[in-house]
Amino acid sequence: MARVLIVGAGLTGSVCAALLRKETARPLHLVVWDKAGDSGGRMTTACSPQNPQSTVDLGAQYITCTPHYAKKHQSFYDELLAHGILKPLTSPIEGMVMKEGDCNFVAPQGVSSIIKHYLKESGADICFRQCVTQINLRNDKWEVSKETGSPEQFDIVVLTMPVPQILQLQGDIANVISECQRQQLQSVSYSSRYALGLFYEAGTKIDVPWAGQYITSNPCIRFISIDNKKRNIVSSEIGPSLVIHTTVPFGVTYLEHRTEDVQELIFQQLETILPGLPQPVATKCQKWRHSQVTNAAANSPGQMTLHLKPCLVCGGDGFTHSNFDGCIASALCVLEALKDHI
């Protein structure tokens, strides 16, 4: 049975795993590693340490589907809607730019529920806190080393983490990447920002007419969402949760600062936008060093094959564009690239 490793338990990695399980005739041993403590990648949902039912989406907020992808990726949308994992966004988001024919969806259980659905479908062995450091060729297999534990061997490796993390990998992979491919990979760039999640006690009222708001006049804050309201969840037992996304210039300026200091700066600016907010019972500040792709790899539609036998493929939004459909498109391209090898 071929052993397949997918590095990265975000949207591309989880969809790759589900597609490999569904679309391949021969049995595969699928393994997914992620360096974080949970799945989701940039579609992560954080829980309040006081009440696990109180959650906040720290990454993607909602999914916008264009008429083009509504048709092209219809089966994906239909499946998620049928399972209740996606629902139409009906809450008011002030300042949202709507194009004709676009549909917006939210994930009632949090955006990471999309990733968890695909990982469950895949039946893969999922291991967290696995930070890959080296990839070497050993007897026509890939030997993959990580920060802790013994190296493991695989017949196929799929890398779906942000491109700068691929370029940091040591071992034979450094020689496998051609000069042309290296230049393409080095040209991929990302924006950076912070997200701050705030959790409140049950019964707390946040009296604003919107569920989300784009802010255009603040140097620090770009977007605020009352997360439970965005998802149409009202409960007397669960307090409201708020998420604040910073602007990219702010994120870039304070990228290497202490998270506690950045959190304090965001709080100061939040007070000017929503004065008199009650004290949260818990907070979660997330640094997104690789937030959204600003420049994707040229000439690599959806994926980049670094080595054929054994197969080593890269995928993710660095090879398409940073949204739900970009990741689905990349996963489909990775599947196509692997078809002859499985």
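This report walks through the fold of one protein chain, from its overall build to a few individual residues.

## The chain as a whole

Please keep in mind that the model is predicted. The chain holds 11 helices and 22 strands. Its C-alpha atoms fill a box of roughly 65 × 45 × 40 Å along the principal axes. For 342 residues, a compact globule would have a radius of gyration near 20 Å, and the chain agrees with this because its own value is 20 Å. Of the 342 residues, 54% are buried. Among contacts with a separation of 6 or more, 72% link residues that are 24 or more positions apart.

## What the UniProt record adds

Two annotations come from an unreviewed UniProt entry, and each can be set beside the computed make-up of its stretch. The record gives "signal peptide" for residues 1-17 and "domain: Amine oxidase" for residues 100-331. The table lists what the model shows over these two stretches.

| Stretch | Helix | Strand | Distance between end C-alpha atoms |
|---|---|---|---|
| Residues 1-17 | 41% helix | 35% strand | 16 Å |
| Residues 100-331 | 26% helix | 31% strand | 27 Å |

## A sheet of six strands

Let us turn to the sheets. One open sheet is built from six strands in the order β7-β16-β17-β18-β15-β19, with mixed pairing. Which strands stand at its edges? They are β7 (93-94) and β19 (282-288); each has a single partner strand, so one side of each is left without a neighbour in the sheet.

A helix belongs to this picture too. Helix α10, residues 259-273, packs on the sheet and touches β15 (193-199), β17, β18 (241-246) and β19. The direction of α10 makes about 70 degrees with that of β15.

Within the sheet, β16 (residues 212-214) and β17 (residues 221-226) run antiparallel and are joined by three bridges. Here Tyr-214 stands opposite Phe-223 of β17. As background, strands of a sheet pair through backbone hydrogen bonds, either parallel or antiparallel.

## A sheet of three strands

Another open sheet has three strands in the order β5-β8-β6, and its pairing is antiparallel. Its edge strands are β5 and β6, each of which pairs on one side only.

Three bridges connect β5 (residues 63-65) with β8 (residues 103-106). The bridge partner of Cys-65 is Cys-103 in β8. Strand β6 (residues 87-88) also pairs with β8, over two bridges, and Pro-88 stands opposite Phe-105 of β8. This sheet has a helix across it as well: α3, residues 74-82, lies across β5, β6 and β8 and runs at about 135 degrees to β5.

## Cysteines without a bond

The pairing of Cys-65 with Cys-103 invites a look at their sulfurs. How many disulfides does a search of the whole structure find? The search finds zero. Cys-65 is in no disulfide, and its nearest cysteine sulfur, that of Cys-103, is 6.1 Å away. A disulfide would need the two sulfur atoms to be within 2.5 Å. Cys-65 is also buried, with a relative accessible area of 3%.

Why is Cys-180 without a bond to Cys-314? The closest cysteine sulfur to that of Cys-180 is in Cys-314, and it is 13 Å away, which is too far for a bond.

## Backbone details in the loops

Three loop residues are worth a visit. The first stop is Asp-140, in the loop between β10 (132-138) and β11 (141-146). Asp-140 has a positive phi of about 60 degrees although it is not a glycine. Is Asp-140 buried or exposed? Asp-140 is exposed, with a relative accessible area of 65%.

Next comes Asn-232, in the loop between α8 (227-230) and β18. The phi of Asn-232 is positive, near 60 degrees, in a residue other than glycine. Strand β18, which follows this loop, belongs to the six-stranded sheet described above.

The last stop is Pro-310, in the loop between β21 (303-307) and β22 (311-315). The peptide bond that leads from Lys-309 to Pro-310 is cis, with omega near -5 degrees.

Notes
Residues are numbered from 1 along each chain as its sequence is written. This is a predicted model: local features need pLDDT of at least 70, side-chain atom pairs count only at pLDDT 80 or more; totals for chains, interfaces and linings use all residues. Side-chain values use heavy atoms; hydrogens and water are left out. Two strands pair if DSSP finds at least two bridges between them. Helices (H or I, at least four residues) and strands (E, at least two) are DSSP runs, numbered from the N terminus. Contact means heavy atoms within 4.5 Å. Axes are lines fitted to C-alpha atoms, for helices over the stretch in contact, and angles run from 0 to 180 degrees between N-to-C directions. UniProt positions are given in the numbering used here, feature names are shortened, and annotations may be inferred rather than shown by experiment. Buried means under 20% relative accessible area, exposed over 50%, partly exposed in between (1.4 Å probe, protein chains only). The radius of gyration is taken over C-alpha atoms; the globule rule is 2.2 Å times the number of residues to the power 0.38.
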